[in-house]
Structure formats: structure tokens, C-alpha cells
Amino acid sequence: MEYVEIEHKYLVDDPAPLRAVLARRGGEPGPAVRQVDTYYNAPHRDLLERPVVTEWLRIRRTDGGASLNFKKWHLDDDGLATHCDEYESDVTDAEAVRRTLRALDFTQMVNVDKVREEWTLPGGRIVVAFDTLADLGSFVEFEFKGDAETVPAAIAELTEFVGELGVPLGERIHRGYPHMLLGRDH
């Protein structure tokens with residue numbers, strides 16, 4: 001599933017029960033890392049113009065480095081994102097990339113500032129990320145990282161994994177953090 005992202009996101013009031021279940025399943029938490037994502041709009045077309053935002057361009061900065069990322073979301077018949085094409089690459093100089101985008105008339109839309117704790121599980125097919133955002137609250141993302149024959153097969157495996165956890169999760173969220181911070185439903 002190279003260059004494809006499949007994830008389920010939930011609002012979570014208390015992540016402790018989920019962390020306990022993941023630990024019992026052999027999950028290992030990584031260190032909490034601050035991620036600052038800056039999202040940009042393109043000069044040649046307004047990415048916010050459509051009723052459902054389906055494309056994002058961002059620079060992510062962490063203490064460990066930076067990356068440039070583009071996502072193109074695919075929607076189901078109800079207009080909900082099912083998965084996205086994702087192209088991400090590490091960059092050695094995030095400021096140079098920011099200045100390049102600005103020189104090309106890309107405009108900054110929103111910053112997403114979060115603390116993320118990623119858990120890896122035996123088999124490595126699913127990664128669980130706990131995100132805390134000062135302005136939005138706490139969330140958990142389940143991301144499929146394995147190989148699958150098709151996108152629907154990967155979605156089914158991820159859905160089954162979440163369902164088998166036996167932990168109450170909050171509301172399933174079908175929009176990204178930039179949507180939320182920009183006040184967009186989609």
C-alpha cells in the first residue's frame with residue numbers, strides 16, 4: 001500500500017483504557033513527539049474552494065526533522081474520505097521549502113500543533129497514534145501500514161482491528177485536523 005494512507009480517527013476522552021489494551025497485545029509506545037504542521041493553499045487553484053476539501057499540502061516540523069507531504073483524499077458515495085494518496089518525503093531544510101512555497105505564491109492556511117505518541121504492534125500492520133491538540137482535544141488514529149491486495153481489503157482489516165479492541169472510543173471523525181481548525185465540516 002505504498003503511497004496510500006488508510007486510517008480511522010476517533011475523538012477520545014480517556015486514552016488510558018486503550019493504552020492498556022494495546023500493551024496487553026504487545027504494543028510498544030514510542031516517545032511523545034511535538035509535530036507542527038503548516039498547511040498551504042496553491043496559487044493555481046484554491047484547495048478550499050470545493051465543498052469537500054480533498055487535497056492538503058503541508059510541511060511538518062518535529063525535533064527530529066521535517067517533511068513535505070501532499071494528500072489527495074478519495075471519497076465514498078456519502079462524501080466521506082475512505083483513503084488517500086499520500087506522497088511524503090523528508091526535507092533537510094524546512095525553512096528553504098517554506099520560502100520556496102512562498103516565492104511560488106503558496107499561502108499559509110493553518111498550523112496544526114500537536115503532541116503525538118505512536119504505538120507499534122506485533123506484526124507492524126497497524127500503527128496507533130495518540131494525538132493531543134491544545135485547541136481541539138485528544139484523538140486516536142489507527143493507520144493501516146501492511147500490505148493488502150486492495151484498498152477495501154485494507155479498510156476491512158483496519159475496521160476489524162478497531163472493532164476487536166473492546167474499548168469504547170469516542171465519535172469517529174471523518175475530517176482532518178486542518179478541517180477542524182478552519183471550521184470546515186468536510
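Start with the whole chain on screen: of the contacts between residues at least 6 apart in sequence, 62% join residues at least 24 apart, where contact means heavy atoms within 4.5 Å. This is a predicted model, in which local features need pLDDT of at least 70, side-chain atom pairs count only at pLDDT 80 or more, and totals for chains, interfaces and linings use all residues. Residues are numbered from 1 along each chain as its sequence is written, and side-chain values use heavy atoms, with hydrogens and water left out.

**The overall view**

Switch to cartoon and you'll find four helices and ten strands. These are DSSP runs, with helices being H or I of at least four residues and strands E of at least two, numbered from the N terminus. Walk along from the N terminus and the order is β-α-β-β-β-β-β-α-β-β-β-α-β-α.

The C-alpha atoms fill a box of roughly 50 × 40 × 30 Å along the principal axes. The radius of gyration is 17 Å, which agrees with the value near 16 Å for a compact globule of 186 residues; that radius is taken over C-alpha atoms, and the globule rule is 2.2 Å times the number of residues to the power 0.38. Turn on the surface: about 10,100 Å² is exposed, and carbon and sulfur atoms supply 49% of that (Shrake-Rupley method, 1.4 Å probe). Of the 186 residues, 42% count as buried, meaning under 20% relative accessible area with a 1.4 Å probe and protein chains only.

**Stop one: helix α1**

Select residues 16-24 and show side chains. Leu18, Val21 and Leu22 are the ones to look for, as they are buried. They cover an arc of only 100° around the axis, which puts them on the same side of α1; the arc uses the directions from the helix axis to the C-beta atoms. Now bring up what covers them, which includes β7 (107-120), β8 (126-133), β9 (137-144) and α3 (151-164). Just after the helix comes Gly26, with a positive phi near 90°.

**Stop two: strand β7 and its partners**

Keep β7 selected and add strands β2 and β3. Strand β2 (residues 28-29) runs antiparallel to β7 and is joined to it by two bridges; strands count as paired if DSSP finds at least two bridges between them. Click Glu28 and look across to its bridge partner, Thr120. Strand β3 (residues 33-41) is also antiparallel to β7, with nine bridges, and Val33 stands opposite Arg116.

Next, add β8. It pairs with β7 over seven bridges, antiparallel again, and Glu118 has Ala129 as its bridge partner there. Five residues separate the two strands of this hairpin, and Gly123 in the turn has a positive phi of about 95°.

**Stop three: Asp131**

Stay in β8 and pick Asp131. Its relative accessibility is 0%, so Asp131 counts as buried. Its side chain makes a polar contact of 2.6 Å with that of Arg116; such a contact is a pair of N or O atoms within 3.5 Å, where within protein one must be able to donate a hydrogen and the other to accept it, and sequence-adjacent residues count only if both atoms are side-chain atoms. Beyond four places in sequence, the contacts of Asp131 include Lys114, Phe139 and Tyr177.

**Last stop: Lys71**

Jump to strand β5 (residues 65-75) and select Lys71. At 11% relative accessibility, Lys71 counts as buried. Its side chain makes a polar contact of 2.9 Å with the side chain of Glu5. Other contacts of Lys71 include Trp56, Arg58 and Asp85.

Technical notes: Buried < 20%, exposed > 50% of the residue type's maximum accessible area, 1.4 Å probe, protein only.
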